[in-house]
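What follows is a guided walk through one protein chain, meant for someone who has not looked at it before. Please keep the sequence and the 3D view at hand while reading.

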Amino acid sequence: MRILLITGPGGAGRTTVAAATAVAAARTGQRVLLLSQDPGDPLAALVGEPAGESVEAAPGLAAVPAGGVLVARVDSGEEFREELVALQERGSALLGMVGARPLGAEELTELPGAEQFALLRALRRAAAAPAADLVVVDLPPLHQAVATLALPAQLRRYLARLLPAERQAARALRPVLAQLAGVPMPAQWLYEAAARWDEELAAVQAVVEAAGTSLRIVAEPGPGADAALRTGLLGLALEQLPVGAIVANRMVPQGSPDPWLAGLAAQQEKYAAQWAGPASAGVVPAGDVPVLPLGHLGRDPSGPEDLTRLAGAEGLLPGASEARVRARSAWVVEDRLADDGVLVWVVPLPGAHKRDLDLVRRGDELLLAAGPYRRIVPLPSALRRCTVSGAALADGVLRIRFTPDPDLWPRRP
C-alpha cells in the first residue's frame, strides 16, 4: 500500500494533478483510491460521471468508480455531527449532572477545524483499504496542509499534558476528593475518551510518517509560487515531513514567437530550474527533490480526455526515489565536547531567515518557531542535562549549542 499526499499553493492545480496521477496509476493496472475533501467537488468535471454503485473502500469510507479510479469524498459535516452526538452519549451522565440538554444531530452545524479532523480520519481509513494499491489524497492548500499533517502529534502532546495517563491510577480516590473539594472530580469516561483519542491520533500519525507515504507539492513556477513554496517547505521541514517531488504545473512551451508567451515561458523555466538545481539549496536540498514539469493544455482541464493527456506526462507516477526521500530523518546531535565543550543539535530549516526564528527552552522541551509555524519537540536525553548556550543559522541549517550542566552531567574519573 502506497499513499501519495498532494498539496500546493492555492490555485496551482493540485486537484487536477491529484486526479491525473490517480488515472496514470490506474492505467498501469493498480487499484487506486482518490480521496478529496473539496466542497466544490472539482473532481466531477475531471473524472466524469461516476460509474456504477457506491462501494465500501474501507470501513466507514464509501467510494464511487469513475474513470477507472475509486473516488471518495469526505463529508466533514456529517462526520462532525456523528462524532459530537456519540460524545454526548458517552458523557450523558456528566451532562445530566450539570443540567445540560444534549444537542440533536439535526441542529448541529459544522465548526471551523472539523474539516481537518474528518480528512485525517478518512486518511486513516483509506490506509487500511483492502481494495487499493495506491491512495492519492487531494490535500488542502499548502499552508493548511502543513497544519493538518502536524495536527495529530500536536493534539497527542496536548492530551498527554492535560490528561496524563498516570493520573488514572488515582481514580479510586476521586469520590473522597470530590467530598473534600465540594465539586465533582473528572469522570472516568473523560480519561477513557482521552485514551481513545490518543490511539486514533497515533494511528493517523503513523500513516503520515510511514515510509510508504509520499508528499508532493504542486506549484505554477513564478515569483508568487516561489514565496509560498519557501514558506510551506519551511513548515514541512520544521515538522520533519520531507517532500518527495515538486510538480511544476502549467508549463508554457518554449520557443513561442509571441513576446508575452516567450517571456512567461522564460520566467517559468527560471523558477523551475531554481527549484531543481543548486540555486534551490536555500529552499530544498539540491538534487534530493525532483521537479516534474507538467505542460499547459491552453485551457482549464475538463473531462476524462484532458485528464488522460495529463496522465501521460513523464514522471507523474511516484517512483522508488520518492519513497527513499520520504524517509523521516532524525535531527542529529553532534558531539563536540572534546573540541568545543558543547553538543550541537543540527536542525535543517531550508529557506529560513534569522529574523523569522525563535527558540525557547522549557524543561525537557524546546519550542521552535520558524516563520508562521511553531513546534514543541522533546529534547534528546543527552541534551536534557545541558543548558542552551547559543544558536546559529547558516545555509538553511540551524545549529543549537548545548553546554553540559555540571550538576547533571556525569563526572569523568
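**From a loop outwards**

A convenient starting point is E239, which is placed in the loop between α9 and β8. The model in view is a predicted one, and every value given here was computed from it. Is E239 buried or exposed? Its relative accessibility is 9%, and because buried means under 20%, E239 counts as buried. The C-alpha atom of E239 is separated by 8.7 Å from that of L149, although the two residues are 90 residues apart along the chain. Next in this stretch comes Q240, which follows α9 and has a positive phi, near 55°.

Stepping back for a moment, the protein chain as a whole comes to 13 helices and 16 strands. It has 413 residues, of which 42% count as buried. If one takes the contacts between residues at least 6 apart in sequence, 71% of them join residues at least 24 apart.

The helix just before the starting loop is α9, and its 16 residues should span 22 Å at 1.5 Å a residue; the end C-alpha atoms are 23 Å apart, so the helix agrees with that expectation. The buried residues of α9 include A225, D226, L229 and G232, and the list continues through L233, L234, G235, L236, A237 and L238. This helix lies across β13 and β14, and runs at about 15° to β14. Helix α6, made of residues 142–162, also lies across β13 and β14, but runs at about 40° to β14.

The strands beneath this description belong to an open sheet of three strands, in the order β12-β13-β14, whose pairing is antiparallel. Its edge strands are β12 (357–362) and β14 (373–378), each of which pairs on one side only, and the twist from one strand to the next averages 15°. Strand β13, residues 365–370, is joined to β14 by six bridges, the two strands running antiparallel; within this pairing, L368 has R375 of β14 as its bridge partner.

Another helix to follow is α10, residues 259–276, which has 18 residues and reaches 26 Å from its first C-alpha to its last, close to the 26 Å expected at 1.5 Å a residue. Which residues of α10 are buried? They are A265, Q268, Y271, A272 and W275, and because they cover an arc of only 135° around the axis, they lie on the same side of α10. These buried residues pack against β7 (213–219), α9 (223–238), β8 (245–251) and β9 (291–295), so that α9 enters the picture once more. At its N-terminal end α10 is capped by D258, with a side-chain oxygen 2.8 Å from the backbone nitrogen of W260.

A further open sheet completes the tour, formed by four strands in the order β10-β11-β16-β15 with antiparallel pairing. The edges are taken by β10 (333–336) and β15 (386–394), and because each has a single partner strand, one side of each is left without a neighbour in the sheet. The twist here averages 25° from one strand to the next. Eight bridges join β15 to strand β16, residues 397–404, and these strands run antiparallel; A391 stands opposite I400 in β16.

Terms used: Residues are numbered from 1 along each chain as its sequence is written. This is a predicted model: local features need pLDDT of at least 70, side-chain atom pairs count only at pLDDT 80 or more; totals for chains, interfaces and linings use all residues. Side-chain values use heavy atoms; hydrogens and water are left out. Two strands pair if DSSP finds at least two bridges between them. Axes are lines fitted to C-alpha atoms, for helices over the stretch in contact, and angles run from 0 to 180 degrees between N-to-C directions. The expected span of a helix is 1.5 Å times one less than its number of residues. Buried means under 20% relative accessible area, exposed over 50%, partly exposed in between (1.4 Å probe, protein chains only). The arc is that of the directions from the helix axis to the C-beta atoms. Contact means heavy atoms within 4.5 Å. A polar contact is a pair of N or O atoms within 3.5 Å; within protein, one must be able to donate a hydrogen and the other to accept it, and residues adjacent in sequence count only if both atoms are side-chain atoms.
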